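Thank you all for making time this morning. I would like to walk you through one structure, beginning with its core and then moving outwards to a helix, a group of rings and a few single residues.

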Amino acid sequence: MEVTDSDTINIRSVIEHQLAAFKKDDAQGAFAFASQAIQAQFGNPESFMQMVKTSYPAVYRPRSVFFEKVTTIQENITQPVLLLSPDGVPLRALYFMEKQPDNIWRINGCFLVSLEGK
């Protein structure tokens with residue numbers, strides 16, 4: 001799939017809005033930016049928020065955020081984002097994005113990769 005400049009802007013906006021929702025502890029807001037598959041997996045905003053707090057502290061409360069160039073990984077449109085975790089550990093978050101039938105982008109997963117030792 002070809003990713004346009006408009007897609008890139010919209011993808012970044014979705015991630016920025018979800019990060020802002022996490023910062024405000026807005027479970028409903030953060031959940032709204034997840035794909036239908038992710039929403040179905042967690043069932044409700046509170047379960048989703050608890051998972052992020054527990055398993056993704058760098059996403060829940062990053063010290064800093066830097067967007068890299070959108071790429072494709074295993075046929076998934078992916079937005080790499082450099083994060084500095086709350087305890088100062090640098091990580092790369094790979095956001096797998098999914099374009100919905102209404103052409104709105106949603107987050108369809110996030111995978112964290114350690115940058116230490118590189």
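**The core and what surrounds it**

Let me begin with the largest nonpolar core, which has 30 residues, and among these Ile-15, Phe-22, Phe-48, Val-59, Tyr-95 and Met-97 are the ones that touch the most other members. Two or more residues of this core come from each of α1 (5–23), α2 (27–32), α4 (45–55), α5 (57–60), β3 (76–84), β4 (90–99) and β5 (105–114). The element that gives the most is α1, with 6 residues. Please keep in mind throughout that this is a predicted model. As general background, nonpolar side chains in soluble globular proteins tend to be buried together.

Phe-22 deserves a closer look, and here I leave aside its neighbours within four places in sequence: the residues in contact with Phe-22 are Ala-30, Phe-48, Met-49, Val-52, Val-59, Tyr-60 and Arg-61.

Several of those names bring us to α4, in which Pro-45, Phe-48, Met-49 and Val-52 are buried. How do the buried residues of α4 fall when we look down the helix axis? They fall within an arc of 95°, and so they line one face of the helix. It helps to recall that an α-helix has 3.6 residues a turn, so residues three or four places apart point the same way. The buried residues of α4 pack against α1, α2, α3 (36–42) and α5, whereas the face turned away from the buried side carries the exposed residues Glu-46 and Thr-54. At the N-terminal end, α4 is capped by Asn-44, which has a side-chain oxygen 3.1 Å from the backbone nitrogen of Glu-46.

Turning to the aromatic rings, the count comes to 4 aromatic pairs, and ring pairs link Phe-22, Phe-31, Phe-42, Phe-48 and Tyr-60 into a cluster. Tyr-60 also has a charged partner, in that the charged end of Arg-61 sits over the ring of Tyr-60, at 4.1 Å from its centre.

I will finish with three single residues. Which loop holds Ala-34? Ala-34 lies in the loop between α2 and α3, and because its relative accessible area is 4%, under the 20% cut-off, this alanine counts as buried. With neighbours within four places in sequence left aside, Ala-34 is in contact with Gln-18, Gln-39, Arg-106 and Ile-107. The C-alpha atom of Ala-34 is separated by 9.5 Å from that of Phe-48, which is 14 residues away along the chain.

Gln-100, in the loop between β4 and β5, is a polar residue to consider beside it. Is Gln-100 buried or exposed? Its relative accessibility is 11%, and therefore Gln-100 counts as buried. A polar atom of the Gln-100 side chain lies 3.0 Å from the backbone oxygen of Glu-98, and, not counting residues up to four places away in sequence, Gln-100 touches Ser-35, Gln-36 and Arg-106.

The last residue is Leu-94, which lies in strand β4 and is buried, with a relative accessible area of 12%. Again not counting residues up to four places away in sequence, Leu-94 touches Ile-73, Thr-78, Gln-79, Pro-80, Gly-109, Cys-110, Phe-111 and Val-113. Between the C-alpha atoms of Leu-94 and Gln-41, which are 53 residues apart along the chain, the separation is 19 Å.

Key. Residues numbered from 1 in each chain as written. Predicted model: local features only at pLDDT ≥ 70, side-chain atom pairs only at ≥ 80, totals over all residues. Heavy atoms only, no water. Core = buried A, V, L, I, M, F, W, Y, C linked by side-chain atoms within 4.5 Å. Buried < 20%, exposed > 50% of the residue type's maximum accessible area, 1.4 Å probe, protein only. Helix = DSSP H or I, 4+ residues; strand = E, 2+ residues; numbered from the N terminus. Contact = heavy atoms within 4.5 Å. Polar contact = N/O pair within 3.5 Å; in protein donor to acceptor, adjacent residues only side chain to side chain. Arc of directions from axis to C-beta. Phe/Tyr/Trp six-rings, centres within 6.5 Å; stacked < 30°, edge-to-face > 60°. Lys NZ or Arg CZ within 6 Å of the ring centre and 35° of its normal.
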